[in-house]
Number of protein chains: 2
Amino acid sequence: MPEQIAKKELPACPVETTLTLIGDKWKVLILRDLLPGTKRFGELKKSIGSVSQKVLTAQLRDMEKNALVNRKVYPEVPPRVEYSLTELGQSLKPILDAMWNWGEEYKARNI
Amino acid sequence: MPEQIAKKELPACPVETTLTLIGDKWKVLILRDLLPGTKRFGELKKSIGSVSQKVLTAQLRDMEKNALVNRKVYPEVPPRVEYSLTELGQSLKPILDAMWNWGEEYKARNI
DNA sequence: TGCCATAGTTACCAGTTGGTAACTATTATG
DNA sequence: CATAATAGTTACCAACTGGTAACTATGGCA
C-alpha cells in the first residue's frame, strides 16, 4: 500500500481541532477582515493595524495551506495579490460572530 | 478627582476585545473544561492533558484577574483549590459552542 | 521519624514568535 | 537614468512562552 495518504492527525476534541486551525490571534484578525470580502495584501495589512509583513505573509501561507484562504496573483507590475476566504474559511463566521457579540456586550458592561 | 478609576483600555473592535481576554489556546481549553462545572487544580491539569503546572497556574491567575474564573481555597492539608467559572466566564459558552460545532463538522468532512 | 499528598513558586534553559531593515523583481513615470 | 510602487523574502536580533526540576508548606500515616 504505497499510496496511503496521510490523514491529518487531528485532536479528538473538536474545540482543539478548531484551535489547531485558528487558535491564533493573527488568524482571527485575518478572518475578521476577509469575511466582508476580498482584499489585497496591502489593504489587509493596513486593516489589521499593526502586523509586520513577515508575520502577515506567514499566517496567510498557513491559512492557504489549510484551505481557509485563497491567494490570487495578478501578473502585473507592480504585483497585485488578492486574498479571499474559501467556503471553508467562510464557514468560520459563526465563531467570529460569537466573538463579536461577546466583545460588544463585555464593553457595554464596562462603560 | 483623585478617585478616578482607570478604565480598561479596550480595543475598538469587539473581536479584538474578546481576543485580549481569551485569545490564547490555554484559556480556551480551561474554559472548555470548566464549563461543565467546578474542578480542582489537579483535575483540571489532567483534563487539559498536556500543560505544565507553571503555565496552568499563570493562565488561571490571569483569568481570575479578568473575572472569568473563581478560585476557592480550602484550608486543608494537603491543600484543596477549586476553580469554577464566574457568570462572565459562563457567558463565553456560545463561543466555545461555535468552536465545538465547527470542529465537529470539519472532522466529519475530513474522514 | 520519615514519607506522602496537593498546589503552588522559582530558577534556569530552550524554542517559538515577532519586529526591523535590507534585499528582490519589474514596469511606469519624471 | 533614477525613483516609485507592490508583495514579497531573508538575516539578524529581542522578547515572550513554555518545559523541567527543585523547592515550599503542613497534617496524616506507617
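How much space lies in the largest pocket? The answer is about 240 Å³, and we will come back to that pocket after meeting the chains and the DNA around them. Please keep in mind that this is a predicted model.

**Chain A and its partner**

Let us start with the fold. Chain A has 6 helices and 3 strands, and from the N terminus on these elements follow the order α-α-β-α-α-β-β-α-α. The C-alpha trace of chain A spans about 60 × 45 × 25 Å along its principal axes.

Chain A meets chain B in a contact to which chain A gives 34 residues and chain B gives 34 residues. The size of an interface is often given as the accessible area lost when the parts come together. Here the two chains, A and B, bury about 3,100 Å² between them, with 76% of it on carbon and sulfur atoms. Three residues stand out on the chain A side: V15(A), W102(A) and Y106(A) supply 22% of the area that chain A buries against chain B, more than any other three residues.

**DNA strand D**

Around DNA strand D there are 17 residues, and the closest are R71(A), P79(A), Y83(A), W26(B) and K54(B). Sorted by class, this surface holds 8 nonpolar, 4 polar and 5 charged residues. On the DNA side, 58% of the strand D atoms within 4 Å of the protein belong to sugar or phosphate, and the rest belong to bases.

Several phosphate oxygens of strand D have polar partners in the protein. With S52(B), the distance from a phosphate oxygen to an N or O atom of the side chain is 2.9 Å. For R40(A), the side chain again provides the N or O atom, at 3.1 Å from a phosphate oxygen. G42(A) takes part through a polar backbone atom, which lies 3.0 Å from a phosphate oxygen. The elements that give two or more residues to the surface near strand D are α3 (41-48), α4 (53-65) and β3 (80-85) of chain A, together with α4 (53-65) of chain B. Of these, α4(A) provides the largest share, 4 residues.

**DNA strand C**

DNA strand C is surrounded by 19 residues, and W26(A), S52(A), K54(A), R71(B) and Y83(B) are the closest. Sugar and phosphate make up 59% of the strand C atoms that come within 4 Å of the protein. The surface near strand C divides into 8 nonpolar, 5 polar and 6 charged residues.

Which elements give two or more residues to the surface near strand C will be clearer once the phosphate contacts are in view. The table sets them out for chain B.

| Side chain | Partner | Distance |
|---|---|---|
| R40(B) | phosphate oxygen of DNA strand C | 3.1 Å |
| R61(B) | phosphate oxygen of DNA strand C | 3.1 Å |
| Y83(B) | phosphate oxygen of DNA strand C | 2.8 Å |

The elements in question are α4 of chain A along with α3 (41-48), α4 and β3 (80-85) of chain B. The largest share of this surface, 4 residues, comes from α4(B).

**A look at R80(A)**

R80(A) sits in strand β3 of chain A. Its side chain joins that of E76(A) in a polar contact of 2.9 Å. Leaving out residues up to four places away in sequence, R80(A) touches R40(A), K72(A), V73(A) and Y74(A). R40(A) also has a side-chain N or O atom 3.1 Å from a phosphate oxygen of DNA strand D.

**The two pockets**

Back to the opening question. The largest pocket, with about 240 Å³ of space, is lined by 13 residues, and L88(A), S91(A), W102(B), E105(B) and R109(B) lie nearest its centre. Two or more lining residues come from each of α5 (87-90) and α6 (93-109) of chain A and α6 (93-109) of chain B. The largest share, 6 residues, belongs to α6(B). By class, the lining has 7 nonpolar, 3 polar and 3 charged residues.

The second largest pocket has a volume of about 190 Å³. Its lining counts 16 residues, with I22(A), L19(B), I22(B), G23(B) and V28(B) closest to the centre. At least two lining residues are supplied by each of α1 (14-22), α2 (25-34) and α6 in chain A, and by each of α1 (14-22), α2 (25-34) and α6 in chain B. This lining divides into 10 nonpolar, 2 polar and 4 charged residues.

Technical notes: Residues are numbered from 1 along each chain as its sequence is written. Chains are lettered from A and ligands numbered from 1 in the order in which they are written. This is a predicted model: local features need pLDDT of at least 70, side-chain atom pairs count only at pLDDT 80 or more; totals for chains, interfaces and linings use all residues. Side-chain values use heavy atoms; hydrogens and water are left out. A residue is near a molecule or strand if one of its heavy atoms lies within 4 Å of it. A polar contact is a pair of N or O atoms within 3.5 Å; within protein, one must be able to donate a hydrogen and the other to accept it, and residues adjacent in sequence count only if both atoms are side-chain atoms. Ala, Val, Leu, Ile, Met, Phe, Trp, Tyr, Cys and Pro count as nonpolar, Asp, Glu, Lys and Arg as charged, and the others, Gly among them, as polar. On a 1 Å grid over the protein atoms alone, a cavity is a set of points where a 1.4 Å probe fits but cannot get out, and a pocket is an open set with protein on both sides within 12 Å along at least five of seven lines; lining residues have an atom within 4 Å of a point. Grid points are joined across faces, edges and corners, and a volume is the space filled by probe spheres set on the points. Contact means heavy atoms within 4.5 Å. Buried area is the accessible area (1.4 Å probe) that two parts lose on being put together, summed over both.
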